[in-house]
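Student: I am new to this structure, and I would like to look closely at a single part before anything else. Could you choose one and take me through it slowly, together with what lies around it?

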Amino acid sequence: MRRDEFTEMRAFLEVARERSFTRAAAKLGVTRSALSHTVSGLEERLGIRLLSRTTRDVAPTAAGERLFQSIQPHFESIAAGVSAISALRDEPSGHVRIVCPDDAVELVFRGRLAAFLRNFPDVTVELIIDNGFTNIVERQFDAGVRLGEAVARDMVALRVGPDVSYSVVGSLEYFERRSQPKKPQELTDHHCINLRLPTSGMLYAWEFERDGHEFSVRVEGPLILSDIAPAIDAALDGIGLAYVPTDLVRSHVESGRLLSVLSDWCPTFQGYHLYYPSRRNPSPAFSAFVEAFRYRSRR
């Protein structure tokens, strides 16, 4: 295979996998227009359309899907071969790609990431923030991070953090205008900061429990967000109440900038886990990453 043919095939694979020229171009480190030109060149050389393009979506045609299924295993074998050669180095090296929710960056990675990168200077860690249920195999991530209860059973799961408790918080300014709720059902009378779930598109229902009884409350308010960090900022600004991990607002509560309510009703969830498909030959870089971020209880 000539070099230009290899480039064309790889370009097609990434676009077909990502269902997007923009995302595939970013992953390959080229411009969108250059990538489109490369794929068009492949289609012209083969004399058949491989991708169906609309203003909103890109998807393989029947011929494109057949080509994708045919050549993908070979490119995976090439990648595995390169990883095997890299394993001969004295020190782990390479690229580790992880997808995780935004709060996991603070709760899981921030405290240990700097030390890991110092200890393994030839390893590059890429953290992709996605609060949805990303298919890590299809998107070619090495692993993902989710709360333990949300990890699929066919995945290897490794705990990377302690249990996560949640709190309902609001600013003192907010509570100057409204009384504190005494039970979760009273939240329907408050301005609450909602989170949009990217996978389902629905609003997240706040979860509570008491005396072994679990239930959820659908709240309303003037602001809907997709990430937890700006929800904390909105609570600090007095816009409304936020439902967020306790550890992320602990300093604000201790300083008096935020007030925690309904603490007797707020649940604790199984901590964050790193999850990945079973693999025979993980790269040394990924193995080092797994070992470094394995959660070790202080008890």
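Tutor: Val164 stands opposite Phe269, which belongs to strand 14, and this pair is a good place to enter strand 7, the part I have chosen. What you see is a predicted model, in which local features need pLDDT of at least 70 and side-chain atom pairs count only at pLDDT 80 or more, while totals for chains, interfaces and linings use all residues. Residues are numbered from 1 along each chain as its sequence is written, and side-chain values use heavy atoms, with hydrogens and water left out.

Strand 7 covers residues 164-171, and 7 of its 8 residues are buried, a word that stands for under 20% relative accessible area, as against over 50% for exposed and partly exposed in between, with a 1.4 Å probe and protein chains only. Strands (E, at least two residues) and helices (H or I, at least four) are DSSP runs, numbered from the N terminus.

Strand 7 has several partners, where pairing requires that DSSP finds at least two bridges between two strands. With strand 14 (residues 268-269), strand 7 pairs in the antiparallel sense over 2 bridges. Strand 12 (residues 242-245) also runs antiparallel to strand 7 and is joined to it by 4 bridges, and here Val168 has Tyr243 opposite it. Strand 13 (residues 258-261) is another antiparallel partner, again with 4 bridges to strand 7, and in this pairing Gly170 is matched with Leu259.

Between strand 13 and strand 14, two of these partners, runs the loop that holds Leu262. The phi of Leu262 is near 60°, which is positive although the residue is not glycine; most residues other than glycine have a negative phi. Leu262 is also buried, at 7% relative accessibility. Another positive phi, of about 60°, is found at Gln140, which is not a glycine either. Gln140 sits in the loop between strand 4 (123-129) and strand 5 (143-147), and with 32% relative accessibility Gln140 is partly exposed.

His190 belongs to the loop that runs from helix 6 (172-177) to strand 8 (193-195). His190 has a relative accessible area of 7% and is buried. Apart from neighbours within four places in sequence, His190 is in contact, meaning heavy atoms within 4.5 Å, with Tyr174, Arg178, Ser179, Pro181, Glu220 and Leu241.

The helices on either side of strand 12 in the numbering complete this view. The axes of helix 7 (residues 228-236) and helix 8 (residues 246-255) come within 11 Å and cross at roughly 20°, where axes are lines fitted to C-alpha atoms, for helices over the stretch in contact, and angles run from 0 to 180 degrees between N-to-C directions. Helix 7 and helix 8 are therefore roughly parallel, the term for angles under 35 degrees, whereas over 145 is roughly antiparallel, 65 to 115 roughly perpendicular and the rest oblique. On the helix 7 side, Ile228, Ile232 and Leu236 make the contact, and on the helix 8 side Leu248, Val249 and His252 do. These residues divide into 5 nonpolar, 1 polar and no charged; Ala, Val, Leu, Ile, Met, Phe, Trp, Tyr, Cys and Pro count as nonpolar, Asp, Glu, Lys and Arg as charged, and the others, Gly among them, as polar.
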